[in-house]
Amino acid sequence: MEYENKLILAPMVRVGTLPFRLLAAQYGAHITYGEEIIDHKIIKCYRQFNERIGCTDFVEKGTENVVFRTCDEEKDRVVFQIGTSDAVRALNAAQLVCSDVAAIDINMGCPKSFSVSGGMGAALLSKPELIHDILTTLRRNLSTPVTCKIRLLKSPHDTVELARRIEKTGVSALAVHGRKVADRPKDPANWSGIADVVSALSIPVIANGDVFECDDIQHIKSTTGASSVMVARGALWNASIFSPEGKISYEDVKREYIRKCFFWDNDIKNTKYTLRDMIGHYSSLELAEGKAVTKSESNADLAELYGQQEYYQFVSKTRSL
C-alpha cells in the first residue's frame with residue numbers, strides 16, 4: 001500500500017460499507033476505509049465466502065449478522081479500521097481480517113461517547129504508552145501495513161510530540177483530522193495544525209477536515225503540505241468529489257449507490273441511513289423523498305421509489321438462479 005499522493009475515503013460509521021466504498025473507488029478514490037469496527041465485535045466473527053453474492057463476509061457467531069463484507073475488487077485498497085483499547089485484542093482482530101484487506105488502521109480520533117467510554121478512539125490520545133503498545137504489537141506481528149488516525153491535541157507542540165512517537169512505532173502513514181476532541185463538525189478545521197505535523201514527520205501524513213469541494217483537495221494539500229487527502233462528509237454528500245473530471249450530479253451518484261446496495265445486498269438500515277444523510281444535505285427529510293426513504297422497509301421499496309425496479313428484479317432473479 002502506497003500513501004503518497006492519494007485520495008482517500010474516510011472511515012464513516014454505517015456509511016463506509018462495501019457499496020459506498022466501491023462507489024467512491026469508481027469515482028476515483030485510491031484508498032477506501034471501512035467503518036470503524038470494535039475489536040470485541042470482529043473477534044466474535046467467523047470468515048465465510050458468500051457464494052450467492054461473490055464476496056467475503058465476517059459473520060458474528062450466534063446472531064449470524066454480517067459485521068464486515070468485502071470482495072476481491074477492493075482487496076488492494078480497502079483499509080480495515082479497528083476501535084480498540086488493548087494491544088492483544090487489536091492483534092486478534094487484525095489477524096482475522098488482514099489477508100482480505102490492504103491495511104489495518106487504529107481509530108484514535110473518534111470523540112463519540114460509546115468509543116471514548118470504552119477507552120477507544122479519542123481516549124487513546126491521552127495514553128501515549130498504550131498507543132505505542134498497540135501499534136508496535138501490530139507492526140511486530142503483521143506483514144500488512146498499519147496506520148492510525150488522530151485528532152489535534154490541546155497545543156501544536158503536544159500534537160507534534162504524539163505524532164513523532166507514533167512515527168517511531170513504524171506505521172506506514174498517519175491521518176490527522178484537523179479538529180480537537182471538543183470541536184464539533186460545524187467548527188472549522190485547523191489546517192495549520194496538520195501542517196505542523198507534516199513538517200515534523202518523514203512518513204506520509206493524510207490531511208482530513210473540511211474537504212467539501214473538488215478545489216478543496218488541492219487547497220488542503222498546498223496549505224498543509226500533506227501527501228494525501230482524506231474526505232468524509234464531502235464524499236458522503238457526493239462521492240464523485242474524487243473524480244479528476246469534477247463532480248457529477250448528486251442524483252446520478254445517489255442512483256448508482258442504490259444500485260450497488262442492491263447488488264451487494266447491503267443492510268437496508270445502513271442504506272437508509274446513508275441516503276438520509278445525502279438527502280438531508282441537499283433538501284429536507286420532511287419532504288416527499290425523505291419521508292419515503294424513512295418509510296421504506298426493503299430494497300424492493302427503494303427500487304420502486306427510485307425507479308430501479310428492473311435492475312432490482314434482474315439482480316434478484318440472477319441470485320435465485
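The dialogue below works through several features of a predicted model, one at a time.

Student: Before looking at single residues, what does the radius of gyration say about the chain as a whole?

Tutor: The general idea is to set the value beside what a compact globule of that length would have; because a chain of 321 residues would then be expected near 20 Å, the 19 Å found here agrees with a compact globule. Along the principal axes, the C-alpha atoms fill a box of roughly 55 × 40 × 35 Å, and the secondary structure within it comes to 14 helices and 12 strands.

Student: How many of the residues are buried, and what share of the contacts joins distant parts of the sequence?

Tutor: Burial covers 55% of the 321 residues in the chain. For contacts with a separation of 6 or more, 65% are between residues 24 or more positions apart. As for the outside, the accessible surface comes to about 14,100 Å², with 49% of that area belonging to carbon and sulfur atoms.

Student: How many charged side chains are there, and where do the centres of the two sets lie?

Tutor: There are 40 positive and 41 negative side chains, and the centres of these two sets lie 3 Å apart.

Student: Now to strands: in which sense do strand 4 and strand 5 pair?

Tutor: A pairing is read from its bridges and from the direction in which the partners run. Strand 4, residues 45-50, and strand 5, residues 55-60, pair in the antiparallel sense over six bridges, and Asn-50 stands opposite Cys-55 of strand 5. The hairpin that these strands form has four residues between them, and there Gly-54 takes a positive phi near 85 degrees.

Student: Which residues have a positive phi although they are not glycines?

Tutor: Asn-5 is one of them, with a positive phi of about 55 degrees; Asn-5 is found in the segment before strand 1 and counts as exposed because its relative accessibility is 52%, the cut-off being over 50%. Asp-265 also has a positive phi of about 55 degrees without being a glycine, and its place is the loop between helix 10 (250-263) and helix 11 (268-282). At a relative accessible area of 31%, Asp-265 is partly exposed.

Student: Why is strand 9 described as largely enclosed by the rest of the structure?

Tutor: The way to judge enclosure is to go through a strand residue by residue. In a regular strand the side chains alternate between the two faces of the sheet, so a count along the strand takes in both faces. In strand 9, residues 146-152, seven of the seven residues are buried, and therefore the strand is largely enclosed by the rest of the structure.

Student: Which strands are joined to strand 9, and do they run parallel or antiparallel to it?

Tutor: Strand 8, residues 103-108, runs parallel to strand 9 and is joined to it by five bridges, with Ile-104 standing opposite Val-146 of strand 9. Strand 10, residues 173-180, is joined to strand 9 by six bridges, and this pair likewise runs parallel. Within strand 10, His-177 is the bridge partner of Arg-151.

Student: How should I read a single buried residue, taking Cys-71 as the case, and what is it in contact with?

Tutor: It helps to combine the place in the chain, the accessibility and the contacts. Cys-71 lies in the loop between strand 6 (66-70) and strand 7 (78-83), and Cys-71 is buried, with a relative accessible area of 5%. Leaving aside neighbours within four places in sequence, the contacts of Cys-71 are Leu-18, Leu-22, Gly-54, Cys-55 and Trp-264. Gly-54 is also the residue with the positive phi in the hairpin of strand 4 and strand 5.

Student: Is Lys-260 buried or exposed, and which residues does it touch?

Tutor: Lys-260, in helix 10, is buried because its relative accessible area is 12%, where the cut-off is under 20%. Apart from residues up to four places away in sequence, Lys-260 touches Pro-19, Leu-22, Leu-23 and Gln-26. Lys-260 and Arg-21 are 239 residues apart in sequence, and their C-alpha atoms are 10.0 Å apart in space.

Student: Finally, where is Ser-115 found, and what is its relative accessible area?

Tutor: Ser-115 is found in helix 4, residues 113-116, and is buried with a relative accessible area of 0%. Beyond its neighbours within four places in sequence, Ser-115 is in contact with Glu-36, Cys-110, Met-120 and Gly-121.

Key
Residues numbered from 1 in each chain as written. Predicted model: local features only at pLDDT ≥ 70, side-chain atom pairs only at ≥ 80, totals over all residues. Heavy atoms only, no water. Helix = DSSP H or I, 4+ residues; strand = E, 2+ residues; numbered from the N terminus. Rg over C-alpha atoms; globule rule 2.2 N^0.38 Å. Buried < 20%, exposed > 50% of the residue type's maximum accessible area, 1.4 Å probe, protein only. Contact = heavy atoms within 4.5 Å. Areas by Shrake-Rupley, 256 points an atom, 1.4 Å probe, with all protein chains shown as cover. Lys, Arg positive; Asp, Glu negative; His and termini not counted. Charge placed at Lys NZ, Arg CZ, Asp CG, Glu CD. Pairing = 2+ DSSP bridges.
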